[in-house]
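Trainee: Hey, could you walk me through this one? I'd like to get a feel for it before lunch.

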Amino acid sequence: MKALASTLLAAPGTVPELCVDLDAVAANTRLFRAATDADVMAVVKADGFGHGALDLARTALANGASWLGVTSVAEALPLRAAGLRAPVLSWLNPVDGDFASALAADVDLAIPGIEHLEAVCAAARATGRAARVHLHLDTGMARDGASPALWGRLCRAARRAERQGTFRVIGVMGHLACADLPGDPENSTGRTRFAWGLDVARASGLRPAQRHLAATAATLTDPRSHHTMVRIGAGLVGIDPSGTTSLQPGLRLTAPVVSIRRVRAGTGVGYGHTGITTTATRLALLSLGYADGLPRAASAGAEVLVAGRRCPVIGRISMDQTVVDLGPTGRAEPGDLATVFGPGDDGEPTVADWAGWANTIEHEIVTGIGARVRRTRIAKPLRSLS
Ligand SMILES: Cc1ncc(COP(=O)(O)O)c(C=O)c1O
């Protein structure tokens, strides 16, 4: 497999390519499996954080995860269509979402309010399929989930629906706003709200088997947040928002050099001539731009690895093209492979570097790689290729 991986990376590619390292995902999943006694839900939304939802789901399930989590029903159904049988939770749908299809496919649904509860009950009655739901309490995001003021009413309505027989409360969920900052007092506030929400649910007669609050950061930093299940997305793909744990990055983005040009000192490059060469130099053109996920905001600081050397991007990253300054003695030729980001072991920039240059987070970089970029995958760690 190492030979296969080397071939994939050494052969001059003809198109930009995103190589997904599923062994990194496997190792990360095992780390989370070992970090908690709770069940591990693999969050595979946004096409598996840009790593391929099915590949991420299968790899995580094979390495200790036992649930899958996504936002919409539309993200859940392909998992079932591909034959995955693990429980799947979909937590973000409009009130007129496709609940009938979700019930038919045995997809659990999160319920953030009475309107959703009524819509899901109606779908259950219409299809004759019992709904499996997770009541969602807003534990401090002011985003999704029922506000504490409405929580008691929601729990009582859910219990009434259970008694009617087409509705089962499988879980209660919350989400922490500041888990990436383990010392932030908002974390204990969120935990306390969640504990209160569970008490209210129990007092309403509900017996949710799954109680889940923690995502990657809280799972790594605060066992008090684990309850019966943790929901892990970023961590599976090597991103630790808390910055406490070393995880394995799972992506390498490469692009062949399309052409080389020699220019004089003082040459303006790209739109607006924001980059001007300071010496006579060689410029390499890559056929990757912001439509492919290279953030335009990173233009000023970004670098890529070409022919073993870090070279700066010069001028603005445009929609389809990026120009790299090889320097006067830079030796790359058309067809050579530039590494935009990777694990970093060979000196190439990392996803974290790109996030820093673009003043964003790693999540935005990995989920932003466009559909034009060809996807490949390897099953041996990218780290071992040097
Ligand atoms: C409700 C919910 N749970 C879990 C996750 C996974 O979080 P993380 O990627 O930090 O593991 C997300 C992602 O944003 C989410 O929205």
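Mentor: Sure, let's take the chain overall, then the ligand, then the confidence.

Trainee: How many helices and strands does the chain have?

Mentor: There are 12 helices and 18 strands. Keep in mind that this is a predicted model.

Trainee: And what box do the C-alpha atoms fill?

Mentor: Roughly 80 × 40 × 40 Å, taken along the principal axes. The chain has 386 residues, and 49% of them count as buried.

Trainee: What about contacts, how many join residues at least 24 apart?

Mentor: That's 67%, counting contacts between residues at least 6 apart in sequence.

Trainee: Switching topic: which residues are around the ligand?

Mentor: Val-43, Trp-91 and His-175 are among them, and so are Arg-231 and Pro-241. Two elements, α10 (216-221) and β9 (229-232), each give two or more residues to that shell.

Trainee: How do the shell residues divide into nonpolar, polar and charged?

Mentor: Seven are nonpolar, four are polar and one is charged.

Trainee: OK, confidence now. What's the mean pLDDT of the chain?

Mentor: It's 94, and 95% of the residues reach 70 or more.

Trainee: Which elements have the lowest and the highest mean pLDDT?

Mentor: Helix α1 (residues 2-10) has the lowest at 37, while strand β2 (residues 39-43) has the highest at 99.

Trainee: Where does pLDDT stay under 50?

Mentor: Over residues 1-12, and over residues 381-386 as well. For residues 1-12, the model has 17 contacts beyond four places in sequence. Where pLDDT is low, though, the predicted coordinates shouldn't be read in detail.

Notes. Residues numbered from 1 in each chain as written. Predicted model: local features only at pLDDT ≥ 70, side-chain atom pairs only at ≥ 80, totals over all residues. Helix = DSSP H or I, 4+ residues; strand = E, 2+ residues; numbered from the N terminus. Buried ≥ 20, exposed ≤ 12 C-beta atoms within 10 Å, placed from the backbone. Contact = placed C-beta atoms within 7 Å. Near = placed C-beta within 6 Å. Nonpolar A, V, L, I, M, F, W, Y, C, P; charged D, E, K, R; others polar. pLDDT = per-residue confidence, 0-100.
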